[in-house]
Amino acid sequence: MTQELVFAALAYPEVDPIAISLGPIAIRWYSLAYIFGILAGWRYSRWLCFQAPRQLRPIAMDDFIVWATLGIILGGRLGYVLFYNFTYFLYNPVEIFAVWQGGMSFHGGLIGVITAMVLFARKEKVHFLTLADIVACATPIGLFFGRLANFINGELFGRVTTAEIGMVFPNGGPLPRHPSQLYEAGLEGITLFLILYLVIRTGGLRRRGLAAGLFLIGYGLSRTIVELFREPDAHIGFLFGEVTIGQLLSSPMLLIGLSLVFLAYKQPLQIIGPEHKPEDISPKEAEKASKKNSKPKNSGSKGK
């Protein structure tokens with residue numbers, strides 16, 4: 001029976017985890033996924049600033065990208081240490097800093113980014129939920145790239161399955177397993193991105209907190225569903241019954257998300273702000289506008 005399952009499994013497309021190797025320097029797909037996700041999310045966030053209600057300056061996102069990156073890395077790593085492997089790191093504290101070996105928690109990264117948003121919103125003097133809505137719409141981009149990197153690394157694979165989509169992962173034993181990383185990339189990444197994009201196109205950003213609430217609900221549901229197919233961490237297993245730590249950490253997201261959506265529809269629509277000035281977009285645009293305004297106008301006389 002075991003041999004039949006192996007023959008029926010899809011071939012796992014083994015990809016070298018190292019994308020680029022230059023002598024002693026090795027750049028991994030895992031690192032590139034974070035870079036691509038952050039950069040793409042930054043550009044998309046700038047575009048969102050031009051959509052109604054235009055309450056946040058696009059140039060502000062150029063500064064926030066640094067804050068968000070620190071929140072993702074510090075929060076993600078600290079969350080993994082505390083939520084998933086506290087005992088190990090308690091006795092091996094030096095390895096806490098070995099981020100290149102993997103081991104990041106989305107829920108920890110979320111807490112880190114929320115902390116960064118609270119501080120940045122206060123600095124920028126904008127409503128926290130105005131910033132949160134934009135960041136929420138861009139986050140599925142990073143989730144998509146991150147889950148693809150998990151798949152390439154052959155980590156966080158699913159449970160053993162007899163389904164035709166099962167794959168034999170290099171570190172997952174001889175039996176085919178669910179490619180749960182791809183399920184997450186599809187649900188948390190593509191599907192959630194498209195849902196939030198439709199919300200944007202229908203003026204949803206004018207309802208402060210709606211996009212952020214829908215993101216929390218969407219991620220919480222997606223993660224809860226995928227955890228039914230994903231293999232629990234070996235050193236944690238199931239918490240009680242069939243409940244995993246991923247499902248437990250996602251439960252508050254659902255409750256908070258529902259509350260935000262409810263409050264979003266109880267509040268009046270945000271007033272649409274004026275078009276952004278060049279200095280609100282970028283120093284380069286401001287310089288162009290300044291040069292354009294300083295050019296002398298032609299004042300040729302007209303014949304009578």
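**Exercise 1. Place histidine 107 in this predicted model: which helix holds it, and is it buried or exposed?**

Step 1. Locate the residue. Histidine 107 sits in helix H5.

Step 2. Check accessibility. The relative accessibility of histidine 107 is 6%. The cut-off for buried is under 20%. Histidine 107 therefore counts as buried.

Step 3. List the neighbours, skipping residues up to four places away in sequence. Histidine 107 touches Phe83, Tyr84, Tyr219, Arg223, Gly246, Leu249, Ser250 and Met253.

**Exercise 2. Describe the surroundings of arginine 147: where does it lie, and what does it contact?**

Step 1. Arginine 147 belongs to helix H6.

Step 2. Its relative accessible area is 9%, so arginine 147 is buried.

Step 3. Set aside neighbours within four places in sequence. Arginine 147 is then in contact with Leu156, Gln181, Glu184, Ala185, Glu188, Tyr219, Arg223 and Arg230.

Step 4. Compare with the list for histidine 107. Tyr219 and Arg223 appear for histidine 107 and again for arginine 147.

Step 5. Add one distance. Glutamine 247 is 100 residues from arginine 147 in sequence. In space, the C-alpha to C-alpha separation of this pair is 17 Å.

**Exercise 3. Lay out the overall architecture: how many helices and strands are there, and in what order do the elements run?**

Step 1. Count the elements. The protein has 11 helices and 2 strands.

Step 2. Read them from the N terminus. The order is α-β-β-α-α-α-α-α-α-α-α-α-α.

Step 3. Take the dimensions. The C-alpha trace spans about 100 × 55 × 40 Å along its principal axes.

Step 4. Take the burial. Of the 304 residues, 42% count as buried.

Step 5. Take the contact range. Consider contacts between residues at least 6 apart in sequence: 72% of them join residues at least 24 apart.

**Exercise 4. Dissect the largest nonpolar core: how many residues does it have, and which element gives the most?**

Step 1. Size the core. The largest nonpolar core has 37 residues.

Step 2. Find the hubs. Leu56, Phe64, Leu131, Cys137 and Phe215 have the most contacts inside this core.

Step 3. Assign elements. Those giving two or more residues to this core are H2 (29-49), H3 (58-83), H5 (106-124), H6 (128-153), H7 (180-201), H8 (210-226) and H9 (245-266).

Step 4. Rank them. H6 gives the most, with 10 residues.

Step 5. Inspect one hub, cysteine 137. Beyond residues up to four places away in sequence, cysteine 137 touches Tyr44, Leu48, Phe193, Leu196, Ile200, Leu205 and Ala211.

**Exercise 5. Decide the disulfide question for cysteines 49 and 137: how far away is the nearest cysteine sulfur of each?**

Step 1. Recall the cut-off. A disulfide needs a pair of cysteine sulfur atoms within 2.5 Å.

Step 2. Apply the rule. The count comes to 0 disulfides.

Step 3. Check cysteine 49. Its nearest cysteine sulfur is that of cysteine 137, 11 Å away, and cysteine 49 is in no disulfide.

Step 4. Check cysteine 137. Here the nearest cysteine sulfur is that of cysteine 49, at 11 Å, and cysteine 137 is in no disulfide.

Step 5. Check burial. Cysteine 49 has a relative accessible area of 2%, so it is buried. Cysteine 137, at 1% relative accessibility, also counts as buried.

**Exercise 6. Characterise the packing of H2 against H7: what are the distance and the angle between the axes?**

Step 1. Choose the descriptors. A packed helix pair is described by the angle and the distance between the axes.

Step 2. Read them off. The axes of H2 and H7 come within 12 Å and cross at roughly 20°.

Step 3. Classify. Angles under 35 degrees count as roughly parallel. H2 is therefore roughly parallel to H7.

Step 4. Give the handedness. H2 passes H7 in a left-handed crossing.

Step 5. Name the contact residues. H2 contributes Tyr44, Trp47 and Leu48, while H7 contributes Phe193, Tyr197, Ile200 and Arg201.

**Exercise 7. Audit the backbone: which peptide bond is cis, and where do arginine 54 and lysine 125 lie?**

Step 1. Take omega. The bond from alanine 52 to proline 53 is cis, with omega near 20°. Proline 53 is placed in the loop between H2 and H3.

Step 2. Take arginine 54. This non-glycine residue has a positive phi of about 55°. Arginine 54 is also in the loop between H2 and H3. With 18% relative accessibility, arginine 54 counts as buried.

Step 3. Take lysine 125. Its phi is positive too, near 60°, and it is not a glycine. Lysine 125 is in the loop between H5 and H6. Its relative accessibility is 75%, so lysine 125 counts as exposed.

Conventions
Residues numbered from 1 in each chain as written. Predicted model: local features only at pLDDT ≥ 70, side-chain atom pairs only at ≥ 80, totals over all residues. Heavy atoms only, no water. Core = buried A, V, L, I, M, F, W, Y, C linked by side-chain atoms within 4.5 Å. Buried < 20%, exposed > 50% of the residue type's maximum accessible area, 1.4 Å probe, protein only. Helix = DSSP H or I, 4+ residues; strand = E, 2+ residues; numbered from the N terminus. Contact = heavy atoms within 4.5 Å. Axes fitted to C-alpha atoms, helices over the stretch in contact; angles between N-to-C directions. Parallel < 35°, antiparallel > 145°, perpendicular 65-115°, else oblique. Left-handed = near helix turned anticlockwise from the far one by under 90°.
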